[in-house]
Amino acid sequence: MKQKMSHRRQGSIDLLETFGVVNENGSEISSMPPVKFGDEDDKVFYCIRAPEHTFETYRYLLKVSDACNWSCEQQGTIPQSTRIRIVDFILHHTCIESEGVSEYLPDLMKKNVFETHFCLHEKREQKDLKQSWARWSACFKGQPITNVRNYLGEKVALYFLWLGWYTFLLIPASVIGLIVFLYGVAFYNTSPLIKEVCQSKVIMCPLCDKTCRVWELSDTCMYAKVSLLFDNEGTVAFAMFMAVWATVFLEFWKRHRSSYVCAWKVFDWCEEEEELILEIVNNARCELKIHRHSYLRSTIVLVLVTLMLLIIIGLTHVLVVCRVIATVLLAENSPWKVITENSQTVAVMLGAVLHYITITVMTRVNCTVAMKLSEIENKHSHAAIERSFTVKMFIFQFFTMFSSLIYTAFFLGRINGHPGGYVRISGIWRLEECHPSGCLTDLFIQMSVIMVLKQTFNNIFEYSGPWFSRWLKRKKTNKFRRRCFKCYKKECMNAKEGSELCENCKLEEMHRNYSLIKTDRFSLFNEFLEMVIQFSFTTIFVAAFPLAPLLALLNNIIEIRLDAIKMVSLERRLVPTKANDIGVWTDVLEVIGVLAVIANGLVIGISSDFIPRLVYQYFYGPCASSSATGIACMAGYINNTLSIANISDERVRDDFTSVQMVTYSGINVTHCSYRDYRSNEDFSLTNQFWVILAARLVFIILFEHVVVTFKCVASWFVPASPLDVRNERLYDKLSRLKEELRAQRAHQDTLTKLNENGNAKRTSKQKKANKLNSM
């Protein structure tokens with residue numbers, strides 16, 4: 001713990017006396033000597049330790065508790081990670097009374113009495129983890145999860161265990177996604193749909209006002225080829241596979257987790273009981289913090305959460321408006337012809353970049369708001385506060401990241417109107433249409449930009465930021481470090497276990513840890529949130545981006561080592577935290593699995609051309625009334641999806657000027673086509689539109705019911721715990737019950753012998769007394 005010397009130092013001494021670190025008569029545990037950092041104030045390091053009886057009390061309470069008695073700490077020496085957790089709990093739950101006000105360590109830190117607090121890295125264990133795990137050359141090696149657990153606690157170990165399992169199961173998903181993509185690559189050149197687009201002479205209506213002219217459908221030949229790479233029959237099967245994969249991943253994760261937590265003896269561990277035990281260890285006369293619920297607080301939180309979601313959705317509308325205006329400005333004012341002709345595509349890409357910037361900014365805002373709302377709820381324990389914060393933060397981040405994608409997937413191009421009846425913002429700017437090659441292309445562009453940017457920049461800043469900050473701190477404080485005269489630095493680095501370093505070496509070790517990046521209880525939360533959001537991208541809209549699992553796999557191979565290097569080498573040591581699961585994140589992942597079924601069914605049923613192609617093939621195409629089969633069944637599909645707007649119609653003339661109806665080759669046209677199923681006379685929806693709509697709804701219902709059935713079967717088929725884990729737990733319980741029974745019987749035997757000895761003595765005395773009386 002590091003204290004800043006100031007007029008508030010007396011308050012810090014009071015708190016340290018409460019811990020038993022310093023007192024008027026001196027103490028076995030003393031503070032390190034002060035050291036001056038250049039022009040800064042003097043700073044003092046205090047080493048906080050707890051007496052051995054504190055840990056013995058913890059171990060005894062752990063043994064007699066209802067749920068925590070299987071923890072390995074009940075036997076043998078209490079590990080260092082548990083000792084750190086106990087001391088940290090006492091540190092944060094011990095207060096001093098100052099003028100009738102209770103002040104805790106966070107309060108004193110806000111008042112600048114203490115600057116920071118941290119637990120020290122242990123050099124030997126740190127070095128071992130660096131060599132076997134926390135280095136780039138170990139990217140394709142297994143993780144020493146048990147060693148990570150011993151050093152950083154169960155919670156961190158379970159995070160890396162989950163991340164490793166998630167990365168491992170991404171391999172089959174990535175392979176199948178790549179096969180689906182290559183399937184599109186292999187057949188798009190021979191597709192009659194591509195040929196029809198590339199050879200078409202159809203003139204399409206202008207995509208914007210004033211400057212945009214009519215254009216030929218064949219201009220989108222390349223875009224049509226790209227669209228078919230991820231909008232084909234394989235995409236449907238892959239979407240179904242990924243929805244089931246999410247369930248299989250979770251069920252096998254539960255099995256994988258149970259094997260480790262059983263080996264760690266924390267399978268039945270209860271977080272609530274653990275906090276009660278720590279409360280008693282800290283204060284034997286502590287009072288129970290009872291559960292409370294306030295409908296008023298819940299109502300306030302619900303209203304504020306709703307308001308926050310409305311603000312986030314409002315930002316989505318702002319992004320839509322920005323894309324619409326950008327499309328117009330690029331088409332009218334850009335000096336480059338390539339941008340003018342592809343203004344819509346450029347606007348979509350700019351919108352994706354702007355969306356990424358919005359995500360970056362709103363992440364900080366969401367974190368602050370979620371924490372304030374969790375404080376309003378006034379939960380009774382830190383675990384309850386963390387769960388509440390996690391749920392709120394995920395909801396905010398989910399809407400921040402997916403609101404724009406939801407609009408693109410399900411609303412873009414469906415609410416923009418038609419020639420002679422376009423929907424306009426403020427009566428000026430036309431709402432954007434789908435990409436000329438299809439609505440799914442816009443979703444693909446946005447997802448690819450966001451995933452690539454987010455993962456690339458996050459990894460760069462996640463590593464370079466802490467590395468540069470550590471380098472800067474060390475450079476600043478290097479010249480003020482004291483040189484060790486009592487022992488060689490090599491001896492300090494390789495000190496034997498149990499040996500004591502000299503004061504200067506201790507001070508240098510504290511400087512080294514102090515120069516590392518600060519950590520807090522949200523450090524691990526941020527890593528979880530990043531990976532769960534990636535899991536959402538990988539599963540929810542995978543129908544539009546089959547390569548998402550491959551990108552996630554490549555990122556996670558780096559992410560595992562990046563997080564390991566950060567936690568072991570670049571950041572201060574996290575306070576080891578006990579856990580037997582990843583907590584509320586399991587529920588979040590299950591919700592994402594359900595959303596994946598719904599979203600992918602809607603994407604294929606609404607955004608994709610899969611259903612319209614099926615309807616055309618069996619009801620309106622060449623094969624509808626004949627026995628023809630094969631490729632020719634789709635002949636004429638593209639023209640069938642187009643409707644015609646005649647320039648002779650007064651409503652159309654209001655939307656398009658005469659200049660816009662002249663092709664780039666100088667040909668005047670009297671009509672143009674647009675993607676929709678409408679009458680050429682009065683723009684009313686045709687019967688084919690309603691048939692396709694009915695088919696879309698039927699497909700969505702069937703898709704979701706079939707996939708949900710598979711998910712339920714997979715969930716039932718895969719047991720949550722392996723048989724050896726169940727048998728081992730039963731064996732442990734049986735052994736413990738027998739041991740308790742033996743101890744009880746031994747105690748009863750002892751009491752019986754004592755009673756028999758006492759009775760024998762009393763009988764002997766009685767006989768002697770009787771003998772004397774008879775004499």
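Here are three short exercises on this predicted model, each with a worked solution.

Residues count from 1 along each chain as its sequence is written. Local features need pLDDT of at least 70 and side-chain atom pairs 80 or more, while totals for chains, interfaces and linings use all residues, and side-chain values use heavy atoms, leaving out hydrogens and water.

**Exercise 1.** Work out which parts the disulfide of Cys198 and Cys221 ties together.

*Solution.* Start with the count: the structure holds 2 disulfides, a disulfide being a pair of cysteine sulfur atoms within 2.5 Å. In the link of Cys198 and Cys221, the sulfurs sit 1.8 Å apart. Now place the ends: Cys198 is in helix α8 (residues 192-198) and Cys221 in helix α9 (residues 221-230), so the bond ties together parts 23 residues apart in sequence. Helices here are DSSP runs of H or I, at least four residues, and strands are E runs of at least two, numbered from the N terminus.

**Exercise 2.** Do likewise for Cys205 and Cys672.

*Solution.* The S to S distance is 2.0 Å. Next, the twist: 85° about the S-S bond makes this link right-handed. Cys205 lies in the loop between β6 (203-204) and β7 (215-216), and Cys672 in strand β11, so parts 467 residues apart in sequence get tied together.

**Exercise 3.** Decide whether Asp676 is buried or exposed, and find its contacts.

*Solution.* First, the cut-offs: buried is under 20% relative accessible area, exposed over 50%, partly exposed in between (1.4 Å probe, protein chains only). Asp676 comes in at 18%, so call it buried. Then, setting aside neighbours within four places in sequence, Asp676 contacts Thr641, Leu642 and Ser643 (heavy atoms within 4.5 Å).
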